[in-house]
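Dear colleague,

I am handing over the structure we spoke about, and it is placed just below. My notes on the ligand site and on the empty spaces follow it.

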Amino acid sequence: MLNQGWRALVGVALALAAVALPAAARPYKAEYALSIMPDAGTPWGKGTQLWADMVRERTHGRINIRLHTGASLVGGDQTREFSALRQGVIDMAVGSTINWSSAIPEFNVFSLPFLLRGCRSLDALTQGEVGRELFRRVEEQGVVPLAWGENGFRQLSNSRRPIRAPEDMRGLRFRVVGSLLFNDIFTALGAVPTQMTWNDAMRALRARKIDGQENPITVFNNVRLDTLGQRFITVWDYVADPIVFSVNRQVWDSWTPQDRDIVRDAAIEAARFEVTLAREDAMSGGSAAWDDLAARGVKVIRLTPEQRQRFVDATRPVYAKWKALVGRDLVDKAEAAVRDEVTTAKLNEPDVRR
Ligand code: X2X
């Protein structure tokens with residue numbers, strides 16, 4: 001009798017404790033695993049490292065983050081990174097909208113060919129209503145998005161010939177990743193697209209199994225794609241990929257409100273630093289990232305507005321098809337934001353980029 005009574009009492013006490021246990025008393029992990037796709041030397045890698053460092057310092061080591069590059073926590077399969085983050089296989093990540101578009105199709109808005117017109121228009125999307133709506137999509141999937149960074153505007157490189165017109169791409173094999181939207185774009189331009197991970201892409205380039213790829217100049221330089229035979233770069237700014245500083249929902253909920261504030265503030269600061277770095281490195285006007293290329297035997301092709309327009313025209317049907325797939329309302333909002341930004345920028349000052 002007495003025994004049973006005690007057992008019941010203990011049971012009630014335990015149940016009460018579980019409900020009343022303050023968040024602070026929930027156990028923290030000794031280490032939090034954070035995934036990124038690229039190398040630590042990219043602006044993306046450096047911004048992420050800064051986030052981890054600031055968090056460790058400001059929480060006095062309570063939140064100890066370890067970076068895993070090359071999307072190694074998902075065996076390099078970057079398109080699985082978001083679902084691994086959602087399921088808690090990964091605690092934190094700074095992921096590209098291209099890689100996460102397989103889970104969140106709305107992220108394809110940034111990959112609509114030639115929608116964006118320079119950094120300011122990209123900011124107009126991430127920092128405005130479009131960005132807020134996309135963060136809501138991320139939250140609905142059990143991930144807490146904290147800040148927008150950026151990989152950058154993506155340029156076209158290849159080992160075969162200078163590309164100034166869609167005809168120049170005919171028959172060339174390009175590595176693409178993330179979304180079938182990229183297959184459609186490259187097919188419309190007469191090229192042969194192949195989906196593969198970034199790690200596989202580097203192997204395929206080295207083995208000359210593919211002719212080209214598309215990535216921001218910061219990524220090109222970081223892995224020295226020129227040493228893998230990439231001798232021509234066309235600056236076409238056809239899409240850009242932002243990156244999202246994020247935390248798994250259960251991990252987020254396990255932290256005290258004070259620690260959450262620290263992590264969020266640090267993400268915002270680190271993202272600001274990361275964007276500055278990405279833009280400095282990518283700035284084409286006289287910056288070392290581009291000047292140095294000629295000395296390394298790489299020819300940089302800058303399109304005239306008329307030449308660029310031919311790529312725009314050739315990809316219009318793809319844009320129209322994907323506008324419907326991404327969601328008309330969202331893309332309408334994005335188009336309006338870009339239009340407003342371009343008009344205001346013209347009135348005030350030139351695009352910061354060039
Ligand atoms: O794989 C790529 O091309 C990269 C590194 O840019 C991304 O992660 C989207």
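**Ligand site and empty spaces**

A polar side-chain atom of N99 lies 2.9 Å from an oxygen atom of the ligand, and a side-chain N or O atom of R154 is likewise placed 2.9 Å from a ligand oxygen. For R175, the distance between a polar side-chain atom and an oxygen atom of the ligand is 2.7 Å. Taken alone, the ligand would expose 270 Å², of which the protein buries 100% (accessible areas by the Shrake-Rupley method with a 1.4 Å probe).

Please keep in mind that this is a predicted model, in which local features need pLDDT of at least 70 and side-chain atom pairs count only at pLDDT 80 or more, whereas totals for chains, interfaces and linings use all residues. Residues are numbered from 1 along each chain as its sequence is written, and side-chain values use heavy atoms, with hydrogens and water left out.

The residues surrounding the ligand (those with a heavy atom within 4 Å of it) are M37, W44, Q78, S96, N99, N151, R154, R175, W198, N215 and D241. This shell divides into 3 nonpolar, 5 polar and 3 charged residues (Ala, Val, Leu, Ile, Met, Phe, Trp, Tyr, Cys and Pro count as nonpolar, Asp, Glu, Lys and Arg as charged, and the others, Gly among them, as polar).

Where does the ligand sit? It occupies the largest cavity (more than half of its atoms lie within 2 Å of the cavity's grid points). A cavity here is a set of points, on a 1 Å grid over the protein atoms alone, where a 1.4 Å probe fits but cannot get out, while a pocket is an open set with protein on both sides within 12 Å along at least five of seven lines, and lining residues have an atom within 4 Å of a point. The largest cavity holds about 120 Å³ of space, and of its 15 lining residues, M37, W44, Q78, N151 and N215 lie nearest its centre.

The second largest pocket contains about 280 Å³ of space. Its lining has 17 residues, with T126, Q127, A147, W148 and G149 nearest the centre.

Best regards

Technical notes. Polar contact = N/O pair within 3.5 Å; in protein donor to acceptor, adjacent residues only side chain to side chain. Points joined across faces, edges and corners; volume = space filled by probe spheres on them.
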